[in-house]
Amino acid sequence: MKTIYLVRHCAAKGQEREAELTEAGYAQALELAAFLADKPIDCILSSSYKRAVQTILPLAGRLHMDVEQDERLTERILSAEHLPDWFEKLQETFMDVDLTLPGGESSRQAMERIASVVAEIWAGEAMHTVLVTHGNIMSLLLKYYDDKVGFAEWRSLSNPDVFVLRMADEVTYERIWK
C-alpha cells in the first residue's frame, strides 16, 4: 500500500519565503527526524520555502537522501493585499472554496494544486513518500479527500504536524504526530 507522510513545517520566524526556523523549530526538526527515521521512506518532496526545507533536512541527512523541491507545495496565497481581517477571510474560504481574494488563490485552486502532486505520487514508483508543506495547504489537501475538514481542523494543526495518507481502494488519512 502506498503511503505519504504529510508534514507541516516546524516553528518559523515568519511567513515569507525566506523565513527560517526558530531555535525551537530546529529542535522540532531533530525530533521530527527521530520520529520518521524508522519509517520506510523512498522519496522526500518539500515546498521550496526555507522553513519547509530546513524542517526536513535532518531526516534527509539521517537517511542519506536528497530533498526534491516542488513549487506546488508552497503555502497558499490568501491575498496579495494586506488583510487586517485575514483570519475571518481565511475562515470564509473554507466555507466558499471558490472565493478568491485580490491577487490570491481560492481554496479550490490550492486543493487542485497540491492534489496534483499527490496524484503524481500515487501514479509513481515510490511506495513511501515524505511531503513537506504548510498549514493552510495541508488542511486543504485533507479537505480534498474529506469535505468535513475545515477551518477548525486548520486551527488545530501544530508546528510540526504529521499525517499519514494511505492509498488502497481510496485515500485514507490519520494524524500520527503526538
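Which helices do the buried residues of α3 pack against? Keep that in mind while I go through the chain. One caution before we start: this is a predicted model.

Let's take the overall layout. The chain has 6 helices and 6 strands. In sequence order, the pattern runs β-α-β-α-β-α-α-β-α-α-β-β. The radius of gyration is 15 Å, and the globule rule gives 16 Å for 178 residues, so the chain is as compact as a globular protein of that length. Along the principal axes, the C-alpha atoms fill a box of roughly 40 × 40 × 25 Å.

Next, the inside. Of the 178 residues, 50% are buried. Now look at contacts between residues with a separation of 6 or more. Residues 24 or more positions apart account for 66% of those.

And the outside. The chain exposes about 8,600 Å². Carbon and sulfur atoms supply 51% of that area. As for charge, there are 19 positive and 29 negative side chains. The centres of the two sets lie 3 Å apart.

Back to α3. This helix covers residues 86–95. Three of its residues, L90, T93 and F94, are buried. Why are they on the same side of α3? Because they cover an arc of only 105° around the axis. There is a general rule behind this kind of spacing. An α-helix has 3.6 residues a turn, so residues three or four places apart point the same way.

So here is the reply to my opening question. The buried residues of α3 pack against α4, α5 and α6. On the sequence, α4 is 107–123, α5 is 135–145 and α6 is 151–155.

Now two single residues. Start with D146. Find D146 in the loop between α5 and α6. Is D146 buried or exposed? D146 has a relative accessible area of 18%. The cut-off for buried is under 20%, so D146 counts as buried. Compare its position with S158. The two are 12 residues apart in sequence. In space, their C-alpha atoms are 19 Å apart.

The second residue is E23. E23 lies in helix α1, which spans residues 23–36. Is E23 buried or exposed? Its relative accessible area is 74%, and exposed means over 50%. So E23 is exposed. How far is E23 from D147, C-alpha to C-alpha? The separation is 36 Å, with their positions 124 residues apart along the chain.

To close, go back to the structure and find L90, T93 and F94, the buried residues of α3. Then look for α4, α5 and α6, the helices they pack against.

Technical notes:
Residues are numbered from 1 along each chain as its sequence is written. This is a predicted model: local features need pLDDT of at least 70, side-chain atom pairs count only at pLDDT 80 or more; totals for chains, interfaces and linings use all residues. Side-chain values use heavy atoms; hydrogens and water are left out. Buried means under 20% relative accessible area, exposed over 50%, partly exposed in between (1.4 Å probe, protein chains only). Helices (H or I, at least four residues) and strands (E, at least two) are DSSP runs, numbered from the N terminus. The arc is that of the directions from the helix axis to the C-beta atoms. Contact means heavy atoms within 4.5 Å. The radius of gyration is taken over C-alpha atoms; the globule rule is 2.2 Å times the number of residues to the power 0.38. Accessible areas come from the Shrake-Rupley method with a 1.4 Å probe; for residues, only the protein chains shown count as cover. Lys and Arg count as positive and Asp and Glu as negative; His and the chain ends are not counted. The place of a charge is taken as NZ of Lys, CZ of Arg, CG of Asp or CD of Glu.
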